[in-house]
Amino acid sequence: MRGIVSWGAYLPYRRLDRSHITAFLGQGGGRGTRTVASYDEDTTTMGVEAARLALTATDATPELVVFGTVAPAYADKTNATSVHAALRLPDAVPALDLGASVRSVVGGLRLALAGGATSLVVSADLRTGLAGSADEAAGGDAAAALVVGEGEGVVAEHLGGASVTEEFLDRWRQPGEVRSKVWDDKFSELTYVGLGRQAFKEALAATGLAPGDVTTVAVAAPTARIGKALAGKLGVEKVAGDLTDTVGATGAAQPGLLLASMLEDAEPGQVLALVVLADGAEVLLFRTTPALASFTPARPVAAQLAAGAPLTYNRFLSWRGMIQLEPPRRPEPARPSGTAAARNVEWKFGFVGSRDTTDGMVFLPPSRVSIDGERTDDMEPAPMADVQGTIATFTVDRMAYSPSPPIIFAVVDFDGGGRLPIELTDTDLEEVEIGGRVEMTFRKLFTADGIHNYFWKGKLIRG
Amino acid sequence: MASHGIRDRVAIVGMGCTNFVENWGKSLDDLLIDAANEAYASAGVTKDDVDAYWFGTAQSGMSGITLARPLHLHNKPVTRVENYCATGSEALRQAAYAVASGAYDLAMVVGGEKVKDTGFQGLNAFPIPNDGTARTLTAAAMFSMIVPAYGHKYGVDDDTMRSVLTHIARKNHFNGARNTRAQFRKEISAEQVEKAPKMAGTLGVFDCAGVADGAAAAIVCRAEDAHRYTDTPVYVKALSFVAGDGSGLIDPSYDYTTFPEIAACAVDAYAQAGVKDARAEVAMAEVHDCFTPTELVLMEDLQFSERGTAWRDVLDGVFDLDGELPVNPDGGLKSFGHPTGASGLRMMFEAFLQLRGEAPAERAISSLVEGRQLALTHNLGGYPGEMVSFISLLGASKD
């Protein structure tokens with residue numbers, strides 16, 4: 001039996017109320033909210049967060065990592081290696097990027113399900129468009145990670161599916177462009193509904209199921225309208241919510257996000273269908289297993305939906321580079337050293353300090369010499385990414401360079417030892433207090449000379 | 001193993017100090033030449049009389065040549081010194097040890113910094129290649145973390161903390177208003193301090209030192225030779241330096257209400273000078289008031305106040321110009337700005353003037369009395385948790 005072993009979905013903390021777009025611009029916008037990746041997040045960092053959640057919920061160890069996004073942080077350089085490093089996976093585990101399209105992500109999932117390795121399929125997307133555009137309002141930012149494997153841990157057995165490939169102009173963008181263009185919404189809708197119905201029919205035939213055997217279907221589509229148009233024609237009683245009212249259409253992250261959400265609402269013994277419309281149609285059918293009953297997602301989609309905080313539209317525009325704000329008159333940071341980063345990859349990407357094996361003191365960053373200066377190399381690795389901490393003191397820096405000033409900064413004492421003065425993110429100043437609790441999140445500090453400076457920040461644990 | 005010090009073995013016999021201002025019209029060379037010439041004149045010596053030079057600059061130039069070239073020093077040993085914001089003090093420490101050792105008879109220290117040619121606000125350090133994980137906060141933000149920590153530990157409410165910091169800012173600007181060499185020469189009101197734009201944490205513009213260009217210089221010799229140059233030498237009683245190991249940044253036992261490097265440095269300095277009770281024996285102190293909460297904590301680390309009580313002493317006026325122990329009678333970093341390589345020497349320049357009775361009447365201290373004859377200078381570099389500390393004790397007479 002092969003199928004889904006674990007999942008983790010990640011929704012960024014900030015939410016843009018679409019009505020604020022209309023109020024600001026006099027055009028665009030709409031009802032509901034969309035998720036917004038913070039200025040210090042990109043598809044790689046969101047992918048890391050989703051993957052951390054997926055791996056927290058299972059004992060399975062990935063033997064392969066694939067990462068897919070329409071908005072890769074790097075071209076030429078592999079992005080999956082950053083995810084791999086942040087997860088501290090062994091170097092013998094291959095980490096590969098999929099192509100920069102929504103279709104490549106569901107293709108990656110298909111290949112993982114067809115293969116033999118325990119696979120971590122990570123997807124993330126950062127969706128935007130020009131100010132006032134439909135994509136800007138309707139899009140959403142998210143990441144999803146699925147662990148695919150075999151055996152008793154499988155919570156949703158892969159039954160099979162079908163694929164239809166079609167070359168036509170729905171949406172497109174050249175690499176490096178911030179927005180996609182769309183040929184004709186009606187043309188896309190009619191084409192996708194036809195492709196989806198064909199693939200769904202073939203998937204049922206391939207698995208010997210009837211539409212009535214499917215408990216729930218989820219449709220990941222370029223727009224909510226296209227998804228709804230198809231979902232109503234599939235003959236399945238229950239259609240999973242597409243999250244577009246609250247999260248938005250999340251592109252490459254959407255297949256994984258909808259599957260995660262559907263699994264979180266499912267009972268053992270149900271048949272779930274995931275339909276993905278992207279330059280064709282993909283249908284994947286799963287049957288949930290008894291193991292689902294004992295599976296606890298690390299951070300359910302519903303909980304993350306409830307936890308967001310509002311973001312103003314003008315701040316959204318500056319985060320997306322649509323408006324440039326006057327920066328503090330301070331030098332911009334220099335690019336990080338590639339060789340220093342390579343030496344310190346366990347620290348920089350994995351947030352691994354050192355623990356003195358004699359007196360137990362934790363060093364962040366790792367130290368070779370004990371605090372009393374007496375002993376050298378009497379240390380063991382101290383992985384701290386999943387350790388929480390408490391704020392000892394804090395400040396806000398209104399002058400230091402930041403892509404989104406001001407910087408909120410706290411001295412964090414970690415449970416079980418270790419201290420690090422570190423930037424807080426996804427945090428408003430009025431929330432910060434001495435004694436506040438903090439967890440770590442993988443972020444991009446800044447980009448200099450085209451180098452994304454990834455490291456960890458703290459964020460408040462709320463509620 | 002011991003820190004013996006060189007009490008009464010070295011004397012400062014001449015000093016110079018430029019105005020500290022945003023000196024758009026003067027280069028580093030100009031500042032160094034002006035400070036050096038004033039010091040030569042002060043000691044009554046010529047360039048050729050000086051055997052060796054120590055030159056302090058944090059990042060305005062490299063090597064001793066940065067001083068030797070503008071002064072046209074011929075075949076002299078010139079050493080460039082850098083030790084964060086304590087650079088100027090450190091340069092003097094090296095020169096003093098050189099004459100104390102007997103290696104040279106007369107040594108000169110010049111410290112200078114040309115800060116205002118960058119076009120940026122504040123002091124900005126050279127980027128040294130690194131893995132990108134080091135924090136990149138301003139000094140204001142790092143020192144602002146003292147405020148909530150101190151208030152929390154000693155039960156001082158936010159309004160009272162604000163009044164304490166405001167008192168420190170107003171005191172130093174009051175003093176600076178009486179100093180023609182200072183960058184800022186106006187008294188300021190509590191309202192001005194408290195309504196100023198916020199920079200970091202609760203610190204506003206007037207809680208922060210200014211930024212200025214400047215240079216200062218000193219000439220030192222062995223104490224027994226001092227009267228060949230001046231009737232009023234100032235004797236070195238102690239020179240102490242501690243470079244922290246950064247443990248405050250990684251050790252949860254550090255609570256941001258003290259600077260352990262400075263407390264240790266003070267113990268060493270007082271031992272070198274034979275000081276038993278700093279509050280009673282020190283007549284004035286020039287301290288590193290880079291930010292108002294820094295000065296507050298320094299009063300405790302320098303043993304002027306018991307732990308948790310400096311805020312009360314500040315409010316009681318103990319450190320005011322007419323107080324029991326005037327602190328920063330020249331106006332401090334608050335009034336002078338902080339040209340890194342020069343600040344430590346600027347502090348000594350004020351001690352030099354006050355101990356020799358040469359400070360203008362409007363800011364002359366009245367605390368130099370029987371049993372209270374020492375001036376202290378304190379210069380730090382770095383941040384809470386990771387700093388260097390320098391302390392000197394100086395006196396107008398040998399014991």
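How many helices and strands are there in chain B? There are 14 helices and 11 strands, where helices (H or I, at least four residues) and strands (E, at least two) are DSSP runs numbered from the N terminus. The radius of gyration of chain B, taken over C-alpha atoms, is 20 Å, close to the 21 Å that the globule rule (2.2 Å times the number of residues to the power 0.38) gives for 399 residues, so chain B is as compact as a globular protein of that length.

A word on conventions: this is a predicted model, in which local features need pLDDT of at least 70 and side-chain atom pairs count only at pLDDT 80 or more, while totals for chains, interfaces and linings use all residues. Residues are numbered from 1 along each chain as its sequence is written, and chains are lettered from A and ligands numbered from 1 in the order in which they are written.

Along the principal axes, the C-alpha atoms of chain B fit a box of roughly 60 × 50 × 45 Å. Some 61% of the 399 residues count as buried, i.e. 20 or more other C-beta atoms, placed from the backbone, lie within 10 Å of the residue's own. Counting contacts as C-beta pairs within 7 Å, 79% of those in chain B with a separation of 6 or more link residues 24 or more positions apart.

The central piece of secondary structure to look at next is a sheet. It is open, has nine strands in the order β3-β2-β4-β7-β1-β8-β11-β10-β9 (chain B), and its pairing is mixed; strands pair if DSSP finds at least two bridges between them. At the edges sit β3 (78-81) and β9 (282-286) of chain B, each pairing on one side only. β9(B) runs parallel to β10 (residues 374-383) of chain B, with four bridges between them, and B:Val282 stands opposite B:Leu374 in β10(B). Helix α9 (residues 260-273) of chain B packs on the sheet, touching β8 (234-243), β10 and β11 (386-395) of chain B. The direction of α9 makes about 150° with that of β8(B), with axes fitted to C-alpha atoms (for helices over the stretch in contact) and angles running from 0 to 180 degrees between N-to-C directions.

Then there is the meeting with chain A. The contact takes 31 residues from chain B and 36 residues from chain A. On the chain B side, α4 (139-144), α5 (146-154), β5 (198-200) and α8 (247-250) each give two or more residues.

Notes
Buried ≥ 20, exposed ≤ 12 C-beta atoms within 10 Å, placed from the backbone. Contact = placed C-beta atoms within 7 Å.
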